[in-house]
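The following exercises are to be worked with the sequence and the coordinates at hand. Each task is followed by a solution in steps.

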Amino acid sequence: MVKKLDHIGIAVKDLEASLKFYEGILGLKSAGTEVVEEQKVRVAFLPIGDTEVELLESTEEDGPIAKFIAKNGEGIQHMAYRVENIEESIAELKKQGIRMIDEKPRYGAGGAQIAFCHPKSTNGVLIEICQRG
Ligand code: ZN
């Protein structure tokens, strides 16, 4: 089902400050930032090899990333796996008894279609599946 690790999502308090580390020190290069209104986040994607780091900053105090940081502090928030056909993947995951947060694909940064699996079904990791192109 899964083709590759698409990206790792990291919750940050301050996108600009975190870019100083990722770009200024690690030497990665942001491919640009985007606000995803639905998720109440501003994201930056930093390609590295065949995958990407996605930095997520909350745009609202009640957004999912703000809640995550309030509970856990900054850090890895999700892992995203690329799939070829998200509708089929969701159907298969459900068939296998995996609890889905999203039963239908929704819009993700960069024009991807994404869906989240509930961490209760995935060894405690918030897993995003995404289809691009
Ligand atoms: Zn993501």
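**Exercise 1. Classify Lys-40 by its accessibility and describe its surroundings.**

Solution. The model is a predicted one.

Step 1. The relative accessibility of Lys-40 is 27%. Buried requires under 20% and exposed over 50%, so Lys-40 counts as partly exposed.

Step 2. As to its place in the chain, Lys-40 belongs to the loop that links strand 2 (33-36) and strand 3 (41-48).

Step 3. When neighbours within four places in sequence are set aside, Lys-40 is in contact with Glu-57, Ser-58, Thr-59, Glu-60, Asp-62 and Gly-63. With one of these residues, Asp-62, the side chain of Lys-40 makes a polar contact of 3.3 Å.

Step 4. A C-alpha separation of 18 Å lies between Lys-40 and Val-53, which are 13 residues apart along the chain.

**Exercise 2. Determine which residues of helix 3 are buried, and how they are arranged about its axis.**

Solution.

Step 1. Helix 3 spans residues 86-95, and its buried residues are Ile-86, Ser-89, Ile-90 and Leu-93.

Step 2. Viewed down the helix axis, these buried residues fall within an arc of 100°, and therefore they line one face of helix 3.

Step 3. The partners of that buried side are strand 5 (75-83), strand 7 (112-117) and strand 8 (127-131), against which the buried residues pack.

Step 4. On the face turned away from the buried side, helix 3 carries the exposed residues Glu-87, Glu-88 and Lys-95.

Step 5. The ends remain to be described. The N-terminal end of helix 3 is capped by Asn-85, with a side-chain oxygen 3.1 Å from the backbone nitrogen of Glu-87. Just after the helix, Gly-97 adopts a positive phi of about 85°.

**Exercise 3. State where Thr-122 lies, and which backbone oxygens its side chain reaches.**

Solution.

Step 1. Thr-122 is found in the loop between strand 7 and strand 8. Its relative accessible area is 11%, so Thr-122 is buried.

Step 2. The side chain of Thr-122 reaches the backbone oxygen of His-118 at 3.4 Å. A polar atom of that side chain also lies 2.4 Å from the backbone oxygen of Val-125.

Step 3. Residues up to four places away in sequence not being counted, Thr-122 touches Cys-117 and Ile-127.

**Exercise 4. Identify the aromatic pair, classify its geometry, and find which ring has a charged end over it.**

Solution.

Step 1. One aromatic pair is present in the structure. Phe-21 and Tyr-22 form it, at 5.0 Å centre to centre with 75° between the planes. Planes over 60 degrees apart count as edge-to-face, so this pair is edge-to-face.

Step 2. Phe-21 is partly exposed at a relative accessible area of 39%, whereas Tyr-22, at 15%, counts as buried.

Step 3. The ring with a charge over it is that of Phe-45: the charged end of Arg-132 sits 5.6 Å from its centre.

**Exercise 5. Assess how compact the chain is for its length.**

Solution.

Step 1. The chain has three helices and eight strands, in the order β-α-β-β-β-α-β-α-β-β-β from the N terminus.

Step 2. The radius of gyration is 15 Å, close to the 14 Å that the globule rule gives for 133 residues, so the chain is as compact as a globular protein of that length.

Step 3. Along the principal axes, the C-alpha atoms fill a box of roughly 45 × 30 × 25 Å. Buried residues make up 44% of the chain.

Step 4. Of the contacts with a separation of 6 or more, 53% are between residues 24 or more positions apart.

Terms used. Residues are numbered from 1 along each chain as its sequence is written. This is a predicted model: local features need pLDDT of at least 70, side-chain atom pairs count only at pLDDT 80 or more; totals for chains, interfaces and linings use all residues. Side-chain values use heavy atoms; hydrogens and water are left out. Rings of Phe, Tyr and Trp (its six-membered ring) pair if their centres lie within 6.5 Å; planes under 30 degrees apart count as stacked, over 60 as edge-to-face and the rest as tilted. Buried means under 20% relative accessible area, exposed over 50%, partly exposed in between (1.4 Å probe, protein chains only). A charge sits over a ring if NZ of Lys or CZ of Arg is within 6 Å of the ring centre and within 35 degrees of the ring normal. Helices (H or I, at least four residues) and strands (E, at least two) are DSSP runs, numbered from the N terminus. The arc is that of the directions from the helix axis to the C-beta atoms. Contact means heavy atoms within 4.5 Å. A polar contact is a pair of N or O atoms within 3.5 Å; within protein, one must be able to donate a hydrogen and the other to accept it, and residues adjacent in sequence count only if both atoms are side-chain atoms. The radius of gyration is taken over C-alpha atoms; the globule rule is 2.2 Å times the number of residues to the power 0.38.
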